[in-house]
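This report describes the internal spaces, the strand pairing and several individual residues of one protein model. The sequence and the structure are shown first.

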Amino acid sequence: MPDALRRTKQLNIASLTPAAISAYFDNVYTTYEWLMSSLSSDEVYYEFPNRLRRPLIFYLGHTAVFYINKLCSAGVLTEEQRPNPHYEDIFAVGVDEMSWDDMADDHFEWPPVADVWKYRRAVKALVLEAIPALDWSAPVTRDMHKQWSVLMSIEHENIHLETSSVLIRELPVEKTRAPDGWAVAPSFGMPPKNKFVHMHGGTVRMGKPSDVVLSPAYGWDCEFGDETHQVGEFEVTQFKVSNAEWLAFVNDKGYEKQELWSEEGWRWCTFSKARHPHFWVPLDASKYRFRTMFEEIDMPWDWPVEVNHLEAYAYCQWRGDGFRLITEPEWRLIAGFPDSYAKDVAARDPGFGSKPTDLSSGYNKDLLFGSSTPVNFFKPNEQGIYDAFGNVWELSSSEYRGLAGFQEHSLYMDFSTPCFDGKHDLILGGSWISTGNESSVHARYGFRRHFFQHAGFRVVRPIHKENVYETEESLHQYIHFHYGKPADLLPWEFGPTAALEFPKRCAELCIQHASAPEVEAALDIGCAVGRSTFELARAARFAKGIDYSHAFADFANSLRDKREVSYKYTFQGDLKKTGTAAVPSDIGMRSQRKLAPLLFSCPHQAMKCRHDLSFRLTTVPSLCSFVSSRPLLSDCSRVEFAQGDAHLLDTDRQYDMVLGANLIDRLHSPMQFVRSVHEVVKQGGVLVLTSPYTWLEEFTPKKNWLGGYVDAEGNEVTTFDTLKVELGKHFDLVTDVPLPFLIYEHARKFQWSVAHATVWRRR
């Protein structure tokens, strides 16, 4: 860009002068006009680059009108000083980012382009006249409305510099022309491997301080506040995801796989018929060029991919279980700003302080280039992270909301709060065209998930710490839960005996509702240490148990082979008692038939934990006569156990009975399981799910809960309601019953819970 328009830092509101403010205003105002002069003809100003927004003629007039309206509201200007009240009406209000299937309904008679440029010149003169008339001797605070209105209007124009650039980029390339000095960054071919960086987590304090000593720069109302978060360990990619990485998702037909997308994302994907990122230009089925602001170029594979939030979410699902977008507190850690109230924040803030705006800044922002740069163009920060600021915005998984202590600013009460609706997510860190407040560490902007900005993302993956179900203590507790003698499990005659032998009762519920004359195969997903799998083998010619815990699956196989295994359970403190786990005696020793082994991978661990769900206690009727009437193969080789993941069900074989006991509320992505489990159940087969619906973020991110929350419309959502909707697509609900269960901790402490058992028949 021309040297005269080289970006300046945010103003220091603790020590302002009229000359500094006037220069900053002139730079911002002129830069915006420099961008808006890039259309090829006056006719293009009246076109809609995006049907969800206004035509560009609106945005040419809107930022100028904003100055007049805010300065009048604050008393800087009088009503008589308005240059054109009609313009200050029709150019006043834009549109919120609508749903993708809404269409802009524009009925305005827009004025000639030349007249709007003339209006802008009149506004500029008024503002430059008004600035020296105000008192700037004291530090400017949010309650100084006259001075604050000037700063607000300038930063508002900085926002529209960015959003208008996206609209211009959406125009046909022949309807644009690069303004003088526009420079596109180079590409160096394929990017380096995108390795993960380990972050230790820690305490994060967020919020822009109101104290001008700690934060001597303008801020929007959504930035102010003070709240603290504890962030656990995580791993994050050092680079933002590149075009090269995204190509693999495209080639794998990620845009056509519904299971990767959120419900909202899939509706957008099918409506838009998206098959590649918005600014990729397809040449044929496998080759692409790339649309920058003003031209199409060879694909810069080492630049960050630019997608919306819905696409980024699908990519994370495609990468694997647990992969996700970064959260706001995590971003502050990787950016190197864990404490927004630290005394050195202002000096280190990329949008403030003494850092230059040229290449030596280490960031692609402030229009250093008129495009993205390669993901490894600049050096990493101290955390090993590239482009923590600039290049493209960082899409996050955090909803746009007010921080603790949030207060609307009376000069612009609809800046933030209309978007605190659960439909807008945060973008962080700024882009190559972000200037002023947008490039600050405190910047927090919210956009609807289907909207496009110059935005990309990096991937976070979970830290696989020691699985609680792999510990010896947990193993022995579950062995006792499955195989302990009733008198050892509940040594008190006044206790809830109806809650004993839960695994056996779950299997009996499956068998009770099995429809086939002879059950060929049964599958126990989340089998833990295997009791319910053995019980299913009473009726099935073959039973397989799958558990996410290696320790649990290994024990179950050992018990199958040995038929008896001793174990220890806690009596009191460090005192232990010895118990014996045994295969039920009526499962015989000799095989009448050898069944082919199953190559099947299944579930996450089923944890039987406390829950206070209130149900009337009932027990499943005795099924002895039902079972005894069925021919049994007698060898334990009819039973098989394996470690596996419930999120990744192998569909090579279908089963007559499928059990998922206390499973779904311990899965990371239970909806993925619920939507795929029908693929392993035979037509007419039975699926039994039990769960106390104990939803905990320790196991399942809140956004993945099937129930136990209030949705965006204010409706209470229960897990059973969600199961009826999702499973109802492939199953008929047969019945639902309460199943109590008891977990022994020591001789005087127990967990008593009531699971909700639902029985489903595959259509």
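In this predicted model, the lining of the largest cavity comprises eight nonpolar, four polar and three charged residues. These 15 residues enclose a volume of about 90 Å³. Leu395, Ile427, Phe447, Arg448 and Phe451 are the lining residues that lie nearest the centre of the largest cavity. Three elements, β8 (393-399), β9 (424-428) and β10 (445-448), each give two or more residues to this lining. The greatest contribution is that of β9, which supplies three residues.

The structure contains nine cavities of 30 Å³ or more. Rolling a probe the size of a water molecule over the atoms reveals where empty space remains. The second largest cavity holds about 60 Å³ of space. Its lining is formed by Arg142, Trp148, Met152, Tyr218, Gly219, Trp220, Asp221, Phe224, His409, Tyr412 and Phe415. By class, seven residues of that lining are nonpolar, two are polar and two are charged.

**Strand pairing**

The strands β8, β9 and β10, which contribute to the lining of the largest cavity, also belong to an open sheet. Four strands make up this sheet in the order β10-β9-β8-β11, with mixed pairing. β10 and β11 (455-456) occupy the edges and have a single partner strand each, so one side of each has no neighbour in the sheet. β8 and β11 run parallel and are joined by two bridges. Within this pairing, Glu394 has Gly456 of β11 as its bridge partner.

In general, strands of a sheet pair through backbone hydrogen bonds, in either the parallel or the antiparallel sense. The antiparallel sense is found between β5 (residues 280-282) and β6 (residues 288-291), which pair over three bridges. β5 and β6 form a hairpin, with five residues between them. Across this pair, Trp280 stands opposite Phe290 in β6.

β6 also pairs with β7 (residues 296-298), again in the antiparallel sense and over three bridges. Four residues connect β6 to β7 in a hairpin. Here the bridge partner of Arg289 is Asp298, in β7.

**Cysteines and disulfides**

How many disulfides does the structure contain? The count is zero. A disulfide is a covalent bond between the sulfur atoms of two cysteines, and a pair is counted here if the sulfur atoms are within 2.5 Å. For Cys222, the closest cysteine sulfur is that of Cys419, at 9.5 Å, which is too far for a bond. Cys222 is buried, with 0% relative accessibility. Cys527 is likewise buried, at a relative accessible area of 1%.

**Buried residues and their surroundings**

The protein has 763 residues, of which 59% are buried. Its secondary structure consists of 18 helices and 23 strands. Among contacts in the protein with a separation of 6 or more, 78% are between residues 24 or more positions apart.

The following table lists four buried residues with their relative accessible areas.

| Residue | Relative accessible area |
|---|---|
| Cys222 | 0% |
| Cys527 | 1% |
| Gln147 | 10% |
| Tyr363 | 17% |

Where is Gln147 found, and is this residue buried or exposed? Gln147 lies in helix α5 (residues 145-170). With a relative accessible area of 10%, Gln147 falls under the 20% limit and therefore counts as buried. When neighbours within four places in sequence are left aside, Gln147 is in contact with Leu134, Asp135, Trp136 and Val140.

Tyr363 is located in the loop between α10 (345-348) and β8. Although placed in a loop, Tyr363 is buried, because its relative accessible area of 17% is under 20%. Along the chain, Tyr363 and Pro380 are 17 residues apart, and their C-alpha atoms are separated by 9.9 Å.

Methods
Residues are numbered from 1 along each chain as its sequence is written. This is a predicted model: local features need pLDDT of at least 70, side-chain atom pairs count only at pLDDT 80 or more; totals for chains, interfaces and linings use all residues. Side-chain values use heavy atoms; hydrogens and water are left out. Buried means under 20% relative accessible area, exposed over 50%, partly exposed in between (1.4 Å probe, protein chains only). On a 1 Å grid over the protein atoms alone, a cavity is a set of points where a 1.4 Å probe fits but cannot get out, and a pocket is an open set with protein on both sides within 12 Å along at least five of seven lines; lining residues have an atom within 4 Å of a point. Grid points are joined across faces, edges and corners, and a volume is the space filled by probe spheres set on the points. Ala, Val, Leu, Ile, Met, Phe, Trp, Tyr, Cys and Pro count as nonpolar, Asp, Glu, Lys and Arg as charged, and the others, Gly among them, as polar. Two strands pair if DSSP finds at least two bridges between them. Contact means heavy atoms within 4.5 Å.
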